[in-house]
Amino acid sequence: MPNQIFRFSPASEDQRLRPKLFGIGSAGCNIIEGAPLPTIALSTSAADLARSHAERKFMVGEDRLMGLSGTETDVLKQLPEIVGHELLDLFNNTDVAFIMCGLGGLTGSMGSKMVASIARAKGVMNVALVTTPFSAESFRRRELVAKVMTDLLGTCSLVIEFDNDKLSSLAPNLPLSKTFGILNSIMLRPVEDIASTMSRTDVASFDRAVGNATHGRFGLGLARGDERVERVVDEALSSPWFDLDPAQAPAAIAIYSASDPWDKEEDRISQRLQAKLPTADILWGSYKDPSLADRIRLSLVICNRREL
Ligand SMILES: Nc1nc2c(ncn2[C@@H]2O[C@H](COP(=O)(O)OP(=O)(O)OP(=O)(O)O)[C@@H](O)[C@H]2O)c(=O)[nH]1
Ligand SMILES: [Mg+2]
């Protein structure tokens, strides 16, 4: 079946997407740092919150977080006693909750499930962006990750996974703190791009194209000069995280940006991408980003449905 393109609609002022960005645990609090969106830091560690510049900060005791790992309705019932209505009320006037953390840590793993459950119970679209641990990290961590990943897929519209093992090919020979810094800015890219292009009226198309229990991987292309159209698509597709066959992907999200976006260029990029993803329904967005100067950028999330 030929693929279809669904374009995000230009947002009028009252239809602008209202996103909220949740950073959970040490990694999550680092990842959301400096994001140009409403941010909420949540952790069991006072040190994480002290470092954070998020607009809102929530401290949750570790024992309480463990007690909150039930179903959506359990979480909602218990939450007011534990953190008051404050956390629940954050989901008012919100269209999308982006949930970010490093899976494997206790806080990120349990906290992301809790936040995803609240979003779902409140009818707010939720997208999780998570790292998975290096192979060298403990077996217990990796076991916890497999379990939490399944739970998150069951609760979120989309879970975008950034496997730490693939980081070395993106940033070889760097100390880990620098490598995490690079990863943090890459993880924010799809969030900023989706928040800049999607409007409230697109939430239904997002659900239709991407669905639920969907597992995503991210690729980024940046190019300038001659043949930039070909190169931006090919670079995005060569992401170390794409270990699935793009030719069989059921869905993708693609966002083109440039300091001066050009319709003809946009058409050529989307045609090249459609040829490379022949079975995918593609959610397509474009926007103006003056910081790109003479470069163009393509953010690409390739989706795969998971049987739970
Ligand atoms: N992207 C990114 N990943 C990180 C960073 N720091 C740690 N990680 C990864 O995130 C995973 C979880 O670690 P933490 O975030 O420290 O754990 P936590 O969620 O705070 O959980 P606990 O401290 O165990 O309660 C680790 O396995 C690391 O691989 C960071 O700054 N950025
Ligand atoms: Mg921690």
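The numbered points below comment on a predicted model, beginning with the ligand and ending with residue pairs that lie apart in the chain.

1. The surroundings of ligand 1 come first. The shell around ligand 1 holds 20 residues, and those that come nearest are Ala-27, Thr-107, Gly-108, Glu-137 and Arg-141. As to where the ligand sits, the space that ligand 1 takes up is the largest pocket.

2. Three helices deserve attention when the shell is inspected, since helix H1 (25-31), helix H6 (106-121) and helix H9 (176-197) each contribute at least two residues to the shell around ligand 1. Of these contributions, that of H1 is the one to look at closely, for H1 gives the most to the shell, with 5 residues.

3. The polar contacts of ligand 1 involve both backbone and side-chain atoms of the protein. On the backbone side, a polar atom of Leu-106 lies 2.9 Å from an oxygen atom of ligand 1. On the side-chain side, an N or O atom of Arg-141 is 2.7 Å from an oxygen atom of ligand 1, and an N or O atom in the side chain of Asn-164 is 2.8 Å from an oxygen atom of the ligand. Ligand 1 exposes 650 Å² when taken alone, and the protein buries 82% of that area. Arg-141, already listed among the residues that come nearest to ligand 1, is thus also one that places a side-chain N or O atom at 2.7 Å from a ligand oxygen.

4. How many disulfides does the structure hold? The structure holds 0 disulfides, and Cys-29 is in none, the nearest cysteine sulfur being that of Cys-101, 10 Å away. Cys-29 counts as buried because its relative accessibility is 2%. Why is Cys-156 without a bond to Cys-101? The closest cysteine sulfur to that of Cys-156 belongs to Cys-101 and is 9.7 Å away, which is too far for a bond, given that a disulfide requires a pair of cysteine sulfur atoms within 2.5 Å. Cys-156 likewise counts as buried, because its relative accessibility is 1%.

5. Two residues invite a check of their backbone geometry. Most residues other than glycine have a negative phi. Asn-173, however, has a positive phi near 60 degrees although it is a residue other than glycine, and Asn-173 is placed in the loop between helix H8 (167-170) and H9. Is Asn-173 buried or exposed? With a relative accessible area of 80%, Asn-173 is exposed. Ala-293 is the second case, with a positive phi of about 50 degrees although it is not a glycine, and this residue belongs to the loop between strand E10 (281-288) and strand E11 (296-305).

6. Helix H9, which supplies at least two residues of the ligand shell, also contains Thr-197. The relative accessible area of Thr-197 is 7%, so the residue is buried. Its side chain reaches the backbone oxygen of Asp-193 at 2.7 Å.

7. Thr-201 is found in the loop between H9 and helix H10 (203-210). A relative accessibility of 48% means that Thr-201 counts as partly exposed. From C-alpha to C-alpha, Thr-201 and Pro-175 are 43 Å apart in space, while in sequence they are 26 residues apart.

8. A further separated pair involves Trp-262, which is located in the loop between strand E9 (251-258) and helix H12 (263-276). Trp-262 is partly exposed at 48% relative accessibility, and its C-alpha atom is 41 Å from that of Thr-150, with their positions 112 residues apart in the sequence.

9. The last pair concerns Ser-117, a residue of helix H6, the helix that also supplies at least two residues of the shell around ligand 1. Ser-117 is buried, its relative accessible area being 6%. The C-alpha atoms of Ser-117 and Gly-154 are separated by 9.6 Å, although the two residues are 37 residues apart along the chain.

Notes: Residues are numbered from 1 along each chain as its sequence is written. Chains are lettered from A and ligands numbered from 1 in the order in which they are written. This is a predicted model: local features need pLDDT of at least 70, side-chain atom pairs count only at pLDDT 80 or more; totals for chains, interfaces and linings use all residues. Side-chain values use heavy atoms; hydrogens and water are left out. Buried means under 20% relative accessible area, exposed over 50%, partly exposed in between (1.4 Å probe, protein chains only). A residue is near a molecule or strand if one of its heavy atoms lies within 4 Å of it. A polar contact is a pair of N or O atoms within 3.5 Å; within protein, one must be able to donate a hydrogen and the other to accept it, and residues adjacent in sequence count only if both atoms are side-chain atoms. Accessible areas come from the Shrake-Rupley method with a 1.4 Å probe; for residues, only the protein chains shown count as cover. On a 1 Å grid over the protein atoms alone, a cavity is a set of points where a 1.4 Å probe fits but cannot get out, and a pocket is an open set with protein on both sides within 12 Å along at least five of seven lines; lining residues have an atom within 4 Å of a point. A molecule sits in a cavity or pocket if more than half of its atoms lie within 2 Å of its grid points. Helices (H or I, at least four residues) and strands (E, at least two) are DSSP runs, numbered from the N terminus.
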